[in-house]
Amino acid sequence: MPIDPDRAEEVYLDYNATTPLRHEALEAMLDALRSVGNASSVHAAGRDAASRVELARQQLARLLNCAPGELIFTSGATEANNLALRAGYSSGGILVTTAVEHPAILETARAITVDGPGTLVELPVDRDGAVELAPLEAACRQGKVAVVSAMLANNETGVLTDLEPIIKLAHEAGALVHTDGTQYVGRLPVDLSELDVDLVSLSAHKFGGPQGVGALFVRRGASVPHRPLLIGGGQERGWRAGTLNVPGIAGLGAAAEAARIHLHNESTRVTALRGVLEEGLTSRLPDCHINGVRSPRLPGVTSVTLPGLPADALLAAMPEIAASDGSACASGAPTPSHVLLAMGLSRPDADSTLRFSLGYATTERDVERAIEATVRAVGEVRTAMAATSEPASSP
């Protein structure tokens with residue numbers, strides 16, 4: 001789907017980085033921007049702003065099947081993750097997470113446990129990205145586990161986490177359970193009346209809402225200490241101070257409603273398109289392999305390793321395709337993907353991995369063009385690498 005009139009030929013396949021804004025979200029935001037009012041004010045303009053916020057809260061609650069009062073609006077999933085982990089770990093103990101989490105989890109977990117050797121446990125994964133539970137079982141036997149955080153879906157490979165055994169072990173040990181649902185919410189069904197987690201983080205721009213707004217679900221009745229990161233105004237029931245971003249929240253709510261309505265059709269269609277993409281790549285590039293292919297995955301995510309071919313060179317050779325050589329949130333990092341390394345890939349293979357992520361507006365033509373562009377780029381990069389490796393001719 002073109003996202004810029006000046007780059008109409010670009011094929012956008014980087015939905016895990018951010019999604020195109022749904023028209024429903026745009027309309028809701030424009031309507032809110034035309035109004036004036038602080039959602040904390042008691043006059044008519046303030047009440048109008050507050051009503052937009054509460055409508056969005058109800059819309060998001062319908063998508064998640066939870067109570068509106070269990071949702072706290074934030075600036076995005078990074079803030080929600082920080083809020084969840086810092087609140088859950090405020091009394092100390094052991095914090096358990098997985099080795100393949102987003103940096104917003106891993107870096108926060110390492111920061112808040114830095115003064116306590118042995119208080120952070122990072123669960124390894126197997127070659128398919130499935131979490132290994134033995135270290136969690138050991139941690140639960142060892143002592144007080146305060147909080148366990150495991151993502152619903154991986155941002156680089158799309159591999160889904162089987163949360164049920166993690167939840168069971170954690171709750172039996174008296175620990176809180178948090179999940180980063182950033183990549184999952186709005187793409188596959190989430191029923192928080194059935195999924196017995198205590199905290200869930202999410203971000204609007206992963207399901208067609210605007211950037212810069214997200215939410216944290218805090219289950220009513222869960223023993224989550226009240227530890228706001230921002231204080232000063234008491235908004236969001238004291239969990240998050242600051243004037244509410246009414247247009248952003250309105251866009252989040254409208255995107256959540258649209259995602260809920262179209263969820264089944266979109267996930268079915270995008271799964272089929274991913275199959276076309278992977279079949280096209282593996283049939284025409286027999287040396288490539290798909291990471292996590294034997295595990296349940298998000299509908300539209302393909303992590304493909306092309307051995308010996310640097311991902312940055314491949315992307316440069318197909319500028320008409322917007323894809324990624326890893327998580328956009330960690331772009332520019334001097335080290336290869338920690339996710340792929342944790343899955344057992346070598347550093348050269350990790351550096352030779354592309355991520356295509358499809359979404360609600362992706363078309364079959366987009367996928368066909370991506371296949372053709374990738375095949376062409378592989379040929380060009382191989383030719384260029386062969387030319388640079390040839391010895392210079394004698395004078």
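Colleague: What is the relative accessible area of Arg 376?
Modeller: This is a predicted model: local features need pLDDT of at least 70, side-chain atom pairs count only at pLDDT 80 or more, and totals for chains, interfaces and linings use all residues. Residues are numbered from 1 along each chain as its sequence is written, and side-chain values use heavy atoms, with hydrogens and water left out. Arg 376 is partly exposed (buried is under 20% relative accessible area, exposed over 50%, partly exposed in between; 1.4 Å probe, protein chains only). Its relative accessible area is 35%.

Colleague: Which residue does Arg 376 meet in a salt bridge?
Modeller: A salt bridge puts a side-chain nitrogen of Lys or Arg within 4 Å of a carboxyl oxygen of Asp or Glu. Here the N to O distance is 3.1 Å. The partner of Arg 376 is Glu 320.

Colleague: How many residues apart are Glu 320 and Arg 376?
Modeller: Glu 320 sits in the loop between helix H8 (311-317) and strand S11 (321-322). Arg 376 is in helix H11, residues 364-389. Helices (H or I, at least four residues) and strands (E, at least two) are DSSP runs numbered from the N terminus. The pair links distant parts of the chain, with a separation of 56 residues.

Colleague: How many salt bridges does a search of the whole structure find?
Modeller: One pair is Arg 219 and Asp 196, with closest N and O atoms 3.9 Å apart. Another is Arg 347 and Asp 351, at 3.7 Å. Over the whole structure, the search gives 19.

Colleague: Why does the pair of Arg 219 and Asp 196 tie together separate parts, and how many residues apart in sequence are they?
Modeller: These two side chains form a salt bridge. Arg 219 lies in the loop between strand S8 (214-218) and helix H7. Asp 196 lies in the loop between strand S6 (176-180) and strand S7 (199-203). The bridge therefore ties together parts whose separation in sequence is 23 residues.

Colleague: Which residue of that pair is buried?
Modeller: Asp 196 is partly exposed, at 39% relative accessible area. The other partner has 17% and counts as buried. That is Arg 219.

Colleague: What is the relative accessible area of Arg 347?
Modeller: Arg 347 is bridged to Asp 351. Asp 351 is partly exposed at 35%. Arg 347 is partly exposed too, and its value is 44%.

Colleague: Which residues are joined into one network by salt bridges that share partners?
Modeller: A network arises here through shared partners. The members are Asp 31, Asp 48 and Arg 52.

Colleague: Where is Asn 65, a residue with positive phi?
Modeller: Phi of Asn 65 is about 55 degrees, although the residue is not a glycine. Asn 65 is partly exposed, with a relative accessible area of 39%. Its place is the loop between helix H2 (44-64) and strand S2 (71-74).

Colleague: Is Glu 236 buried or exposed?
Modeller: Glu 236 also has a positive phi, near 50 degrees, and is not a glycine. Its location is the loop between S8 and H7. With 8% relative accessible area, Glu 236 is buried.

Colleague: What separates the C-alpha atoms of Leu 71 and Asp 162?
Modeller: Leu 71 is in strand S2. At 0% relative accessibility, Leu 71 counts as buried. Along the chain, Leu 71 and Asp 162 are 91 residues apart. Their C-alpha separation is 24 Å.
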